[in-house]
Amino acid sequence: MKKAAILALFLSGISLSAQTSEEQTIKGIYKSALTNGKCYNWLDHLSNKIGSRLSGSTNADKAVLYTKGQLETLGFDKVYLQEVMVPKWVRGEKETAYIINNKTKTSVPICALGGSIATAKSGLTAEVIEVHGLDELAALGDKIKGKIVFYNRPMDPENIATFKSYSGCVDQRSAGAKEAAKFGAVGTIVRSMNMRLDDFPHTGAMGYGDLPKSEYIPTAAISTNGAELLSKSLKENPTLKFYFKQSCQQFEDVLSYNVIGEMTGTENPENIMVVGGHLDSWDLADGSQDDGAGVVQSMEVVNIFKNIGYKPKNTLRVVLFMNEENGNRGGLKYAELAEANKEKHVFALESDSGGFSPRGFSLECNDANFDRISSWKYLFEPYYVHSFVKGHSGTDIGPIKSNPLVKAGLQPDSQRYFDYHHAANDTFEFVNKRELELGAATMASLIYLIDKNGIVN
C-alpha cells in the first residue's frame, strides 16, 4: 500500500474517533429524518384527507382518531385520549363585504373572527372610523358611537423576528370589538395580521371579556389589500359607508380529546419529557403550517428514535393538544391533570411556528439550564441551527408546572409564516418536505441531549 493511502486511512481513523458519540447520534437523527421519515406523509393525510380541524368540528374528531391510530404503530407503551371540553363555533356561509363610496360598491375580502357574533341577516351598514390602536380608539370617545371601527395597524416590517411584529398589533384583533363596543360602535373590521399585501383575510380568536351579551358587536378581518383600499377611500371620502354580512354561531361546549402517546423511561420513568403541537386548526384551510406541521414533527421524533434504536432514559410523551386556537383548553386540561396526578415534568418542547427551516429554540428556564443548552450550539451548527434565546416556548405547554422545568419552542425561519397564518392559503402545497423533516430532526436532537445529559436542578 502506498504511503499516501496509508496516511489517508490513518487520518480518517483519527477523524472518526474524534467525533463524539453525541455528534454521531445527532448525525443519525438527521439522516433518519431525511431518508426514512413519515411526517410529510402524515401531514398529507391530515391536510388533504381530513382538512380543517376547528375545535368541536367533525374533522377535529377525525384527526383525533387518525393520529391516535398512527401513534399506535410507533411502539409506544401506551396511547390514550385525554378528555377535554372545547368551544364549538361555526362560521356559517361565506362572508360578504363592500365599500359604499357615493353610489359605487367595491367588494373586499373579509372573514369573521373566531368567536364573533353574526350580523343581522340583512347585514350591517354604517359609516367607518379608522384607528391604529386601542389608545387612539379611547381618545376618540363619543365620535365612535354608531360607527364601524376599522383597526388598521399593520405588522411592523422593521422587525426581523416577525412574531414580535405580530405581538405588536394582535391586541386590535383579540380585544378590538370589546373595546369599541364600550364606546357604542356597531361593529369592527380589523386589518389582517399579515406581513405582505394580498387578498387573503386572516381569522383568529377574539373575545368580548365581561361585556353583557346585549352589547356584543360583530367583528371581521379584512385582507391587507382590502385594508389599504378602505384606508385610501376614507381619506378621499370620510363619510363613506361599509357593509358586511356574516352568519357565525356559538354553540355549547362539546367533548374532544388530547391525543397522547407515552414511552416509559428506561432509567428515570418518573421524569416526564413532553413534545407536542396542537391538533386543531382554523376552518378556512387545512392548517398545514398552523399546526399540522408541529403535530407530525412531534410524532416524527418517536419514529426517529425507533429507527436509530434510541430508548429514552426519561419517560417521553407526545401530546397532540386540542383547542389551542380559540381557548387553549387542551393545554390547560393537560396541566391540570398533571398537577392532580403529581407528575414530575423536566422538559417540554412545542412546535407551533410552521414547518419552515429550523433556526433554533426559544427557551424558558433558569440561567444554569440556558447556559447548558447553549453550550450544545456547536452540535447544531452543522445543520444551520444556531439561535438559542430566552423567550416564549409555546401556548400549549405554557400551563405545565414543575420545578425545575425547561420549556422550549422550536423556532423556524419566520419570514413567510404570517403569509399563511390563519388564512385560506395555509395548505399542504406550501409546506416543503425537507424543511419539515429538518425541523423534526432538530426537535429530536434537543430531546436526545436533554434526555442524555439531564437538566440542572
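Modeller: Before we start, a pocket here is an open set of points on a 1 Å grid over the protein atoms alone, with protein on both sides within 12 Å along at least five of seven lines, and its lining residues have an atom within 4 Å of a point. Also, keep in mind that this is a predicted model.

Biologist: Fair enough. Which residues lie nearest the centre of the second largest pocket?

Modeller: That pocket holds about 310 Å³ of space. Its lining splits into seven nonpolar, six polar and three charged residues. Of the 16 lining residues, those nearest the centre are G115, Y208, K213, Y216 and Q250.

Biologist: And how much space lies in the largest pocket?

Modeller: Start with the wall: 38 residues line the largest pocket, and F163, D352, S353, H392 and Q411 lie nearest its centre. By type, the lining has ten nonpolar, 18 polar and ten charged residues. The space inside comes to about 880 Å³.

Biologist: Which helix gives the most to the lining of the largest pocket?

Modeller: Several elements supply at least two lining residues each: helix 6 (162–167), helix 7 (171–174), strand 14 (358–364), strand 15 (387–390) and strand 16 (406–412). The top contribution is five residues, and the element behind that is helix 6.

Biologist: What about closed space: what volume does the largest cavity have?

Modeller: There's one cavity of 30 Å³ or more in the structure. Its lining is S281, W282, A285, D286, G287, D290, E325, H422, A423 and D426, which divide into three nonpolar, three polar and four charged. The volume is about 50 Å³.

Biologist: D290 caught my eye. Which residue does a cis peptide bond join to D290?

Modeller: D290 is one of the residues lining that cavity. The partner's place is in helix 10 (residues 288–308). Omega for the bond is about 0 degrees, and the residue joined to D290 is D291.

Biologist: Another cis bond involves N403. Where does P404 lie?

Modeller: N403 and P404 are joined by a cis peptide bond, with omega about 0 degrees. As for the elements on either side, both strand 15 and strand 16 supply at least two residues to the lining of the largest pocket. P404 sits in the loop between strand 15 and strand 16.

Biologist: Now the backbone oddities. Is N323 buried or exposed?

Modeller: N323 has a positive phi of about 75 degrees although it isn't a glycine, and its place is the loop between strand 12 and helix 11 (329–340). The cut-off for burial is under 20% relative accessible area. N323 has 0% relative accessibility, so it counts as buried.

Biologist: What relative accessible area does N328 have?

Modeller: N328 also lies in the loop between strand 12 and helix 11. It isn't a glycine, yet its phi is positive, at about 55 degrees. N328 is buried because its relative accessible area is 12%.

Biologist: Let's go to strand 12 itself. What distance separates the C-alpha atoms of V319 and I260?

Modeller: V319 is found in strand 12 (residues 314–321) and is buried, with a relative accessible area of 0%. Leaving aside neighbours within four places in sequence, V319 contacts V259, I260, V274, V275, G276, G277 and Y334. V319 and I260 are 59 residues apart along the chain, but their C-alpha atoms are separated by 4.6 Å.

Biologist: On to the core. Which helix gives the most to the largest nonpolar core?

Modeller: That core has 66 residues, and F305, F347 and F380 touch the most other members. The biggest contributor gives ten residues, and that's helix 15 (residues 433–453).

Biologist: How many residues make up the other core?

Modeller: It lies apart from the largest nonpolar core. Among its members are V131, M206, L211 and F418. The total is 27 residues.

Biologist: Back to F380, then. Which residues is F380 in contact with, leaving aside neighbours within four places in sequence?

Modeller: F380 is one of the residues touching the most other members of the largest core. Its contacts are Y30, F361, V385, F388, T442, S445, L446 and L449.

Biologist: Last one: which residues does UniProt list for "domain: Peptidase M28"?

Modeller: The entry is unreviewed. The span is 33% helix and 27% strand, with its end C-alpha atoms 25 Å apart. In the UniProt record, the domain covers residues 258–445.

Terms used: Residues numbered from 1 in each chain as written. Predicted model: local features only at pLDDT ≥ 70, side-chain atom pairs only at ≥ 80, totals over all residues. Heavy atoms only, no water. Core = buried A, V, L, I, M, F, W, Y, C linked by side-chain atoms within 4.5 Å. Buried < 20%, exposed > 50% of the residue type's maximum accessible area, 1.4 Å probe, protein only. Helix = DSSP H or I, 4+ residues; strand = E, 2+ residues; numbered from the N terminus. Contact = heavy atoms within 4.5 Å. UniProt positions renumbered as here; feature names shortened; annotations may be inferred. 1 Å grid on protein atoms, 1.4 Å probe; cavity = no way out; pocket = protein on both sides within 12 Å on 5 of 7 lines; lining within 4 Å. Points joined across faces, edges and corners; volume = space filled by probe spheres on them. Nonpolar A, V, L, I, M, F, W, Y, C, P; charged D, E, K, R; others polar.
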